Amino acid sequence: MHTRFTQLVKYKNNEMQKCEQKLYYANNELAEAQERLQQSYGVLHALTIPKEGDIAVLLQSRLSFSMQRNVIREHSRQVARKHRSVEEAKEELKASLIEYEKFQYLEAEQIKKIIKKQKMAESKALDEAALQTFIGRSQ
């Protein structure tokens with residue numbers, strides 16, 4: 001049944017689906033960022049400290065550790081940003097879902113009113129038909 005809320009319900013449904021997709025992509029990006037962070041930790045653990053050699057080798061090793069820690073810090077920041085974007089997408093989806101359900105409820109109420117009016121009109125028509133039949137038989 002078509003009501004004045006039907007188009008709004010369709011629009012809110014599309015909006016809600018877009019929010020769901022946005023959350024899906026944000027979750028995927030978060031998972032990728034976490035994977036990169038784990039790989040960075042793996043690289044850090046794979047680095048070894050030289051036990052012997054000249055100072056240049058030790059300095060190079062120290063620089064490698066320092067660079068890897070910087071990479072880990074950057075990946076940690078990315079994970080934090082992606083986590084915030086997931087939380088924002090969840091809040092947006094929640095708000096969108098509430099709006100969708102609100103208009104869906106309003107549409108359902110409008111349909112109930114229309115059906116009630118139709119039943120009243122049908123009841124009146126049946127009463128009138130019965131009255132006409134009764135008057136016709138009594139004459």
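I looked first for a nonpolar surface patch and found one of about 400 Å², made by Ile49, Ile55, Leu58 and Leu59. Patch residues have over 30% relative accessible area and no salt bridge, and nonpolar side chains (Val, Leu, Ile, Met, Phe, Trp, Tyr) are joined within 5 Å, like charges within 9 Å. A salt bridge is a side-chain nitrogen of Lys or Arg within 4 Å of a carboxyl oxygen of Asp or Glu. Areas are Shrake-Rupley values with a 1.4 Å probe, and for residues only the protein chains shown count as cover.

I note that the model is predicted: local features need pLDDT of at least 70, side-chain atom pairs count only at pLDDT 80 or more, and totals for chains, interfaces and linings use all residues. Residues are numbered from 1 along each chain as its sequence is written, and side-chain values use heavy atoms, with hydrogens and water left out.

I then took Ile55, which lies in helix α2. Ile55 counts as exposed because its relative accessibility is 58% (exposed is over 50%, buried under 20%, partly exposed in between; 1.4 Å probe, protein chains only).

His75 is also in helix α2, residues 55-138 (helices are DSSP runs of H or I, at least four residues; strands are runs of E, at least two; both are numbered from the N terminus). At 16% relative accessibility, His75 counts as buried. Beyond its neighbours within four places in sequence, I found His75 in contact (heavy atoms within 4.5 Å) with Arg36, Leu37 and Ser40.

For the whole protein I noted two helices and zero strands. Its C-alpha atoms fill a box of roughly 125 × 20 × 15 Å along the principal axes.
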